[in-house]
Amino acid sequence: MAVPRSLSAAPNLRPVHRFVASAFYAGLIPRRLWKSDNGAGTFGAAVAVVVSLLLWRYPWWIGAAAFVIAFALSLWSAAPFAADHADPGWIAIDEVAGTLIAVIGLTGWPWLVAVVVARLADIFKVLPGVPQAEALPGAVGITMDDVIAGLYGLATGWLVWWLM
């Protein structure tokens, strides 16, 4: 006779966390292509690029809401994989959040400049605040370096917009 599952027993959410943390499996593409996680963040940023292009015709606050959702999803989904200060390379939802904050309210050339600056700031981690944010514990450290890099992209994109 089967025993009914307890109502208090939590389902195993690890596959869902992995799906979201990998930016809906985009972060796993490099592993399939070249057996390495190198470039997974760029695939995550590409997901954000597609999302942000779809949001161009909407008010700026829709882009801000998309960032808030991606930020919350990043903190939630990366948490199970962040033990012992780990930041698995295939986690790419943090790049989605970082890229989405970089392009809030931007289109055209300023948008492109913001994406490039955010991506370079995340890859090289030389701008103030980016390496310090990465050193934060757990999912916060995984996510915040990309958000700080994205803020550099946002500032640069708006500067370009202002200069145009």
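What follows looks at the confidence, helices, nonpolar cores and aromatic pairs of a predicted model.

Some ground rules come first. Residues are numbered from 1 along each chain as its sequence is written, and side-chain values use heavy atoms, with hydrogens and water left out. Since the model is predicted, local features need a pLDDT of at least 70 and side-chain atom pairs count only at pLDDT 80 or more, while totals for chains, interfaces and linings use all residues.

The average pLDDT (the predictor's confidence in each residue, from 0 to 100) is 93 for the protein, and 93% of the residues score at least 70. Residues 3-10 are another matter: pLDDT stays under 50 there, and the model has 2 contacts (heavy atoms within 4.5 Å) for them beyond four places in sequence. Where pLDDT is low, the predicted coordinates should not be read in detail.

Helices here are DSSP runs of H or I with at least four residues, numbered from the N terminus. Helix α4 takes in residues 60-78, and its 19 residues reach 27 Å from the first C-alpha to the last, close to the 27 Å expected at 1.5 Å a residue (the expected span being 1.5 Å times one less than the number of residues). Buried residues of α4 (buried means under 20% relative accessible area, exposed over 50%, partly exposed in between, with a 1.4 Å probe and protein chains only) are G63, A64, A66, F67, A70, S74, S77 and A78. Seen down the axis of α4, these fall within an arc of 165 degrees, so they line one face of the helix; the arc is that of the directions from the helix axis to the C-beta atoms. V68 and I69, on the other side of α4, are exposed. Cover for the buried face includes α1 (14-21), α5 and α8.

Helix α6 (residues 108-124) can be read in a similar way. Its 17 residues should span 24 Å, and the end C-alpha atoms sit 25 Å apart, which agrees. P110, W111, A114, V115, A118, R119, A121 and D122 are buried in α6. They cover an arc of only 165 degrees around the axis, which puts them on the same side of α6. W109 and F124 are exposed on the other side. Among the elements covering the buried residues of α6 are α3 (40-54), α5 (93-102), α7 (130-134) and α8 (138-163). K125 follows α6 with a positive phi, near 50 degrees.

The largest nonpolar core (a set of buried Ala, Val, Leu, Ile, Met, Phe, Trp, Tyr and Cys residues joined through side-chain atoms within 4.5 Å) has 33 residues, and F67, I91, V96 and L100 have the most contacts inside it. At least two residues of this core come from each of α3, α4, α5, α6 and α8, with α5 giving the largest share, 6 residues. Apart from it lies another core of 5 residues, including A121, V130, I148 and A149.

The whole structure holds 7 aromatic pairs, meaning rings of Phe, Tyr and Trp (its six-membered ring) with centres within 6.5 Å; planes under 30 degrees apart count as stacked, over 60 as edge-to-face and the rest as tilted. W56 and W111 have ring centres 5.5 Å apart and planes at 85 degrees, so the pair is edge-to-face. W56 lies in the loop between α3 and α4 and W111 in helix α6, so the pair ties together parts 55 residues apart in sequence. W56 is partly exposed at 37% relative accessible area, whereas W111 is buried at 9%.
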